[in-house]
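Okay, thanks everyone. I'll keep this short and walk you through a few spots in the fold, so have a look at the picture first.

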Amino acid sequence: MTDPIADFLTRIRNAQTARHKVVEIPSSNLKKEMTKVLHDKGYILSYKFENEGPQGVIKIALKYHPITKTPAIKSIQRVSKPGLRKYVSTEELPRVLNGLGIAILSTNKGVISDKEARTLNVGGEVLCYIY
């Protein structure tokens, strides 16, 4: 697999399209940190890290609107790809849907959202946009 982050995002996107309640994703440290950001910002219900096999698995409980049953994540897009990395400074931090969505960044302070990066005054690699 050349792009494990794109696989992570695609598994979440496909599971929500198929209306699954839980999705299992092969684990890595970066994926664990991205899952924590998604949970902190309210895009997923819960998550659990399990050590099955040599790699481990992340189980994510997806979030849907209680009445309309629409997914909490409307769009999830990969920005920085292995062939073309996208780095931003503190002045160039993206605003997704004018602040309604989030951008997940990999910085020297860890994997954080764009709003946290503004408060910490750090830039980094833009991993994905979520709204």
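So, H1 and H2 cross in a right-handed way. Keep in mind that this is a predicted model. H1 covers residues 4-17 and H2 covers residues 29-40, and their axes come within 10 Å, crossing at roughly 40°. An angle of roughly 40° makes H1 oblique to H2.

Who does the touching? From H1 you've got Pro-4, Ile-5, Phe-8, Leu-9 and Ile-12, and from H2 there's Leu-30, Lys-31, Met-34, Thr-35 and Leu-38. Sorted by type, the residues of that contact come out as eight nonpolar, one polar and one charged.

If you're wondering about the spacing, remember that an α-helix has 3.6 residues a turn, so residues three or four places apart point the same way.

Staying with H1 for a moment: what length should we expect? With 14 residues at 1.5 Å a residue, H1 should span 20 Å, and its end C-alpha atoms are indeed 20 Å apart, so the two agree.

Now, which residues of H1 are buried? They are Ile-5, Asp-7, Phe-8, Leu-9, Ile-12, Ala-15 and Gln-16. And what do they pack against? Besides H2, the partners are strands E1 (22-26), E3 (57-62), E4 (76-78) and E8 (124-130).

Right after H1 comes Arg-19, with a positive phi of about 60°. As a reminder, most residues other than glycine have a negative phi. Arg-19 isn't on its own in this talk, either. Lys-69 is not a glycine but has a positive phi of about 60°, and you'll find Lys-69 in the loop between E3 and E4. Then there's Asn-121, also not a glycine and also with a positive phi of about 60°. Asn-121 sits in the loop between helix H3 (114-120) and E8. Is Asn-121 buried or exposed? Its relative accessibility is 54%, so Asn-121 counts as exposed.

Last stop, a real glycine. Gly-101 is in the loop between strand E5 (87-88) and strand E6 (102-107). With a relative accessible area of 0%, Gly-101 is buried. So what is Gly-101 in contact with, leaving aside its neighbours within four places in sequence? The list is Tyr-43, Val-96, Lys-115, Ile-130 and Tyr-131. One more distance for you: Ile-73 is 28 residues from Gly-101 in sequence, and their C-alpha atoms are 9.4 Å apart in space.

That's it from me, happy to take questions.

Methods
Residues are numbered from 1 along each chain as its sequence is written. This is a predicted model: local features need pLDDT of at least 70, side-chain atom pairs count only at pLDDT 80 or more; totals for chains, interfaces and linings use all residues. Side-chain values use heavy atoms; hydrogens and water are left out. Axes are lines fitted to C-alpha atoms, for helices over the stretch in contact, and angles run from 0 to 180 degrees between N-to-C directions. Helices (H or I, at least four residues) and strands (E, at least two) are DSSP runs, numbered from the N terminus. Angles under 35 degrees count as roughly parallel, over 145 as roughly antiparallel, 65 to 115 as roughly perpendicular and the rest as oblique. A crossing is left-handed if the near helix is turned anticlockwise from the far one by less than a right angle, and right-handed if clockwise. Contact means heavy atoms within 4.5 Å. Ala, Val, Leu, Ile, Met, Phe, Trp, Tyr, Cys and Pro count as nonpolar, Asp, Glu, Lys and Arg as charged, and the others, Gly among them, as polar. The expected span of a helix is 1.5 Å times one less than its number of residues. Buried means under 20% relative accessible area, exposed over 50%, partly exposed in between (1.4 Å probe, protein chains only).
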